[in-house]
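Me: I would like to go through the aromatic packing and a few other local features here, one question at a time. Please reason each answer through before giving the value or name.

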Amino acid sequence: MEKLEIKHSHVEVRGLKLHVAETGTGPKVVMFLHGFPEIWYSWRHQMVEVANNGYRAIAIDFRGYGLSDHPAEPEKANLGDLVDDVVSLLDSLNISKVFVVGKDFGAVPTFLLAVIHPERVAGMVTLGIPFLLPGPSAIQTDLLPRGFYIMRWKEPGRAEADFGRFDVKTVIRKIYILFCRSELQVAGDDQEILDLVDPSTPLPPWLSEEDLNVYASLYEKSGFRTALQVPYRTFEIDYGLTDPKITAPSLLIMGEKDYFMKFPGMEDYMRTGFVKQFVPNLDITFMPEGNHFVQEQLPEQVNQLLITFLNKHEV
């Protein structure tokens, strides 16, 4: 099969230039939305696969991430901005409807897009996070230890000081190692989150030094200023959506070794099918060996699930 080239451009969206990576051509479009500490590059395996199967694949760096511009006031950015950016990008590319694939916190703008702009979403795939809308009760932080990473990173300046002790490549290395474990990331009172990773721990086998260099170069460009604001310091904003429903065909891919399974109530929410109250046309696939970075860890299996879903629900 021919090796497809991923092309890069910047597209003006709502006063900012967003970095857009794409490959493949045609009217059937799949848009990929990354998590943290990921970036467009985390979708490299999936982009080529969907393009080889007749789709146009588009992955972006969110505002303030990687090669995209920072907003003028990063401290005022929120998850709603990401949704508006995606809609504006689709408009400027003359794309009326897409399949959206979101991972980690990138699943949240995917959900918001499908609730607020259902006419733009042909289907939805999320990895690592079941349907959640941002708001005060989205994650039951009161049931989590106070040294949990979300509470630590929510505190202005805390993660900046933690990360600032290391070069960017070391920060990304530590986060990848830490977040591919199955247990929750909880620091003691005398620790910071990045102290939880011993410096001698090797990278997971599915992430090469070359991959790490790509991530490091992108975060060296952007830093972590907007990345820590969105999502960690804006997740409790309520977007006023009452009785949200996503009617688009949907797929949730969860690794059984994903630490998110240990969030209070999350495993029951998925396994009992309660999540289908909000997403009635949802299929859930649990991957026994999958961790939080399942699309990089097990790309062939994820690609197969993705292509099967896309072909089944072609518009």
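Me: Are Phe-148 and Tyr-149 buried or exposed?
Reply: This is a predicted model, in which local features need pLDDT of at least 70 and side-chain atom pairs count only at pLDDT 80 or more, while totals for chains, interfaces and linings use all residues. Residues are numbered from 1 along each chain as its sequence is written, and side-chain values use heavy atoms, with hydrogens and water left out. A residue counts as buried under 20% relative accessible area, exposed over 50% and partly exposed in between, with a 1.4 Å probe and protein chains only. By that criterion, Phe-148 and Tyr-149 are both buried.

Me: What geometry do the rings of Tyr-149 and Tyr-232 adopt?
Reply: Rings of Phe, Tyr and Trp (its six-membered ring) pair if their centres lie within 6.5 Å, and planes under 30 degrees apart count as stacked, over 60 as edge-to-face and the rest as tilted. The centres of Tyr-149 and Tyr-232 are 6.1 Å apart and their planes stand at 75 degrees, so the pair is edge-to-face.

Me: How many residues apart in sequence are the parts that the pair of Tyr-149 and Tyr-232 ties together?
Reply: Helices are DSSP runs (H or I, at least four residues), numbered from the N terminus. Tyr-149 belongs to helix 4 (residues 149-154) and Tyr-232 to helix 8 (residues 225-232), so the parts that their pair ties together are apart in sequence by 83 residues.

Me: Which ring lies under the charged end of Arg-271?
Reply: A charge sits over a ring if NZ of Lys or CZ of Arg is within 6 Å of the ring centre and within 35 degrees of the ring normal. For Arg-271, the charged end is 4.1 Å from the centre of the ring it sits over, that of Phe-286.

Me: How many residues of helix 2 are buried?
Reply: Helix 2 covers residues 79-92, and its end C-alpha atoms are 20 Å apart, which agrees with the expected span of 20 Å at 1.5 Å a residue; that expected span is 1.5 Å times one less than the number of residues. The buried residues of helix 2 include Leu-79, Val-83 and Leu-90. Helix 2 is largely enclosed by the rest of the structure, because the buried count among its 14 residues is 10.

Me: What is the relative accessible area of Glu-296?
Reply: Glu-296 is found in helix 10 (residues 294-297). Among the residues that Glu-296 touches (heavy atoms within 4.5 Å) are Glu-38, Arg-44, His-45 and Trp-206, not counting residues up to four places away in sequence. Glu-296 is buried, with a relative accessible area of 1%.

Terms used. Helix = DSSP H or I, 4+ residues; strand = E, 2+ residues; numbered from the N terminus.
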